[in-house]
Amino acid sequence: MKRLRRLEEHVFRFLMWLSLLIVLGSLVLIVGTMLWRGLPSLSLAMLTQVPKGGYYLGEEGGILNAIVGSLCLAGGATALALLFSLPVAIYLHGYAGRSRTAHLIRLAMDVLWGVPSIVYGAFGFIIMFWLGLRASLLGGIIALACLELPIMVRGMDEALGTVPSALREASYALGATRFETTLKVLLRQAVAGLLTAVLLAFGRGIGDAASVLFTAGYTDRLPDSLFRPVASLPLAVFFQLATPFPAVQQRAYAAGLVLTVIVLAISVMARWLSRRLTRHVVR
Amino acid sequence: MDERPHIEIQNLSVWYGDQRALKDISVVFPARGITAVIGPSGCGKTTLLRSINRLLETSGDVRISGRILLDGADIYAPGVDVTEIRTRVGLLASKPFPLPMSIYDNVLYGPRIHGLCRRDNADDIVERYLRAADLWEEVRERLQTPAHALSTGQQQRLCLARALAVEPEVLLCDEPTAALDPISAQRIEDLLRGLKRHMTIVLVTHILRQARRLADYVVFLWLGELVEAGPAEQVFNNPLSERTRAYLMGDIG
């Protein structure tokens with residue numbers, strides 16, 4: 001009996017280690033592959049030029065159009081989603097409490113989170129059709145915002161949920177209204193978590209190909225108008241991988257590398273910012 | 001101690017869901033002085049306290065019946081401004097929770113909300129109330145540092161300063177020394193002793209020795225019911241109820 005229990009302990013420890021190894025291993029493998037295949041074709045021209053004629057056949061040019069396009073798409077979508085998700089998250093915590101409404105909203109957000117992004121793309125496409133829009137930056141922003149919204153709301157929901165209720169009561173006890181308490185105490189206390197939620201949504205948005213496929217389209221030019229098609233990095237990866245030329249396929253990995261670096265850079269920036277903002281947070 | 005009732009509770013009952021936490025409480029809190037609410041854990045002390053600044057209703061499924069008169073006016077009457085009640089009735093919680101801002105901004109939080117703070121008097125307000133809470137000398141050089149960097153004892157005095165800064169007429173104290181070391185606790189007790197001269201203090205405590213040291217008036221609750229209320233002298237030395245006597249002797253609770 002005693003030996004069996006000790007064996008149990010060892011087996012479980014082994015299984016945990018194995019899982020850890022697989023998770024870390026795949027991370028290393030992904031980043032490694034991208035570096036190995038992408039780095040050789042990553043050049044200054046790739047980052048600073050738009051595709052020239054014959055780029056997809058292996059000629060001169062770069063993916064600046066996709067880099068700028070993706071930043072515009074994801075940036076715009078994140079801003080738009082933030083505009084709607086912050087009030088929803090605040091409503092959930094400051095006003096709805098544990099009511100049925102709050103429960104329903106959370107359920108709806110979880111369902112929306114699970115919706116595949118191609119569905120958002122198709123949905124965005126229909127909306128655009130009704131509005132008389134063509135594939136454009138605006139269309140892409142709307143579709144991506146729909147994709148990001150549930151992620152952001154749920155993330156903010158979690159962040160606000162960690163604020164101790166005694167802290168809120170401390171503010172109420174001084175005669176503060178709900179609005180004052182939310183603005184001056186709740187948001188300050190939860191700012192790091194809120195930022196993380198925004199970042200998570202941005203990361204999801206900038207990396208998504210399916211929802212921008214129909215809604216934003218693709219172009220070799222830099223974005224110049226909300227109503228014109230715009231390129232994006234995930235689609236740049238997709239189109240380049242789809243060519244039969246090894247040199248162009250290599251560039252797809254380089255584009256993927258750029259995408260990863262952008263997400264990483266923004267993540268580091270957000271961490272730095274949240275450290276500065278959370279100087280006063282009560283722990 | 002002034003005999004004019006400052007707070008008058010009439011037939012107060014409180015339910016959490018189906019569970020009745022307070023049963024038909026009627027009691028009077030005289031103006032000025034310290035009224036200690038004593039009783040074992042879970043007897044409804046804190047519930048009674050939180051009903052006086054209407055903080056009770058923020059915690060979800062709560063039903064309240066009865067009346068609480070503050071200077072003769074029912075605070076549960078329709079149309080009463082809750083924030084005004086909470087401004088007149090301050091709270092010192094059992095665990096200090098500084099707001100996520102600097103020491104300076106913590107003190108000014110209330111005055112700013114109520115429009116009592118102008119650019120030219122802000123520094124004076126901060127100094128006055130930090131002095132009132134006996135914290136000024138310790139923090140005068142670092143007013144802009146985060147409040148959570150203070151020790152627990154200092155945080156509790158900051159919370160007191162913050163509460164005093166909105167000039168409440170009543171101060172509710174919910175086991176204000178529960179999280180503190182004996183020396184910090186002593187300082188809070190000394191402060192309360194000084195404050196009672198010009199404000200009504202309701203002190204919830206399960207430390208009988210603390211109640212004996214501080215109370216002018218005592219309310220004894222047992223399982224949500226009021227057993228006895230009266231001047232401290234009388235309740236401690238000559239209780240009317242057998243149950244009070246048993247509790248004070250340490251036989252029950």
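Asp71(B) counts as partly exposed, because 14 C-beta neighbours lie inside 10 Å, short of the 20 required for burial. This residue of the predicted model is found in the loop between β4 and β5 of chain B. Although Asp71(B) is not a glycine, its phi is positive, at about 50 degrees. The points below begin with the sheet around this loop and then turn to helix α3(B), the two chains and their contact.

**The sheet around Asp71(B)**

- Strand β4 of chain B, residues 62-70, pairs with β5(B) in the antiparallel sense, and two bridges join them.
- Within this pairing, Leu70(B) has Ala73(B) of β5(B) as its bridge partner.
- β4 and β5 belong to an open sheet of four strands in chain B, ordered β2-β1-β4-β5 and paired in the antiparallel sense.
- The edges of the sheet are formed by β2 (19-30) and β5 (73-74) of chain B; each has a single partner strand, and therefore one side of each is left without a neighbour in the sheet.

**A second positive phi in a non-glycine residue**

- Arg54(B) is not a glycine, yet its phi is positive, at about 60 degrees.
- The loop that holds Arg54(B) runs between α1 (45-52) and β4 of chain B.
- Arg54(B) counts as buried because it has 20 C-beta neighbours inside 10 Å, and burial begins at 20 such neighbours.
- Arg54(B) is thus buried, whereas Asp71(B) is partly exposed.

**Helix α3 of chain B**

- Helix α3 of chain B spans residues 103-113; nine of its 11 residues are buried, so the helix is largely enclosed by the rest of the structure.
- The buried positions of α3(B) are Ile103(B), Asp105(B), Asn106(B), Val107(B), Leu108(B), Tyr109(B), Gly110(B), Pro111(B) and Ile113(B).
- The cover over these buried residues includes three helices of chain B, namely α4 (122-132), α5 (136-139) and α6 (152-164), together with α8 of chain A.
- Gly115(B) follows α3(B) and has a positive phi, near 65 degrees.

**Chain B as a whole**

- Chain B contains 10 helices and 10 strands.
- The radius of gyration of chain B is 18 Å; a compact globule of 253 residues would have a value near 18 Å, so the two agree.
- Along the principal axes, the C-alpha atoms of chain B fill a box of roughly 55 × 45 × 35 Å.
- Of the 253 residues in chain B, 49% are buried.
- Among contacts in chain B with a separation of 6 or more, 68% join residues 24 or more positions apart.

**Chain A as a whole**

- Chain A has 12 helices and zero strands.
- The C-alpha atoms of chain A occupy a box of roughly 70 × 65 × 35 Å along the principal axes.
- Buried residues account for 39% of the 283 residues of chain A.
- In chain A, residues 24 or more positions apart provide 76% of the contacts with a separation of 6 or more.

**Domains of chain A**

- The domain assignment divides chain A into domain 1 (2-41) and domain 2 (63-277).
- Taken over C-alpha atoms, the centres of domain 1 and domain 2 of chain A are 30 Å apart.
- Six residues of domain 1 of chain A are in contact with seven residues of domain 2 of chain A.
- The side of domain 1 of chain A that touches domain 2 of chain A consists of three nonpolar, two polar and one charged residues.

**Contact between the chains**

- The contact involves 23 residues from chain A and 25 residues from chain B.
- On the side of chain A that touches chain B, the elements giving two or more residues are α7 (165-172) and α8 (178-189) of chain A.
- α7(A) supplies the largest share of that side, with six residues.
- By class, the side of chain A that touches chain B comprises 11 nonpolar, six polar and six charged residues.
- Helix α8 of chain A also appears in the cover over the buried residues of α3(B).

**Confidence of the prediction**

- The average pLDDT of chain B is 92, and 98% of the residues score at least 70.
- For the complex, the predictor gives an ipTM of 0.92 and a pTM of 0.84.

Notes
Residues are numbered from 1 along each chain as its sequence is written. Chains are lettered from A and ligands numbered from 1 in the order in which they are written. This is a predicted model: local features need pLDDT of at least 70, side-chain atom pairs count only at pLDDT 80 or more; totals for chains, interfaces and linings use all residues. The radius of gyration is taken over C-alpha atoms; the globule rule is 2.2 Å times the number of residues to the power 0.38. A residue is buried if 20 or more other C-beta atoms lie within 10 Å of its own, exposed if 12 or fewer, and partly exposed in between; C-beta atoms are placed from the backbone. Two residues are in contact if their C-beta atoms, placed from the backbone, lie within 7 Å. pLDDT is the predictor's confidence in each residue, from 0 to 100. Ala, Val, Leu, Ile, Met, Phe, Trp, Tyr, Cys and Pro count as nonpolar, Asp, Glu, Lys and Arg as charged, and the others, Gly among them, as polar. Domain bounds come from an automatic or database domain assignment. Two strands pair if DSSP finds at least two bridges between them.
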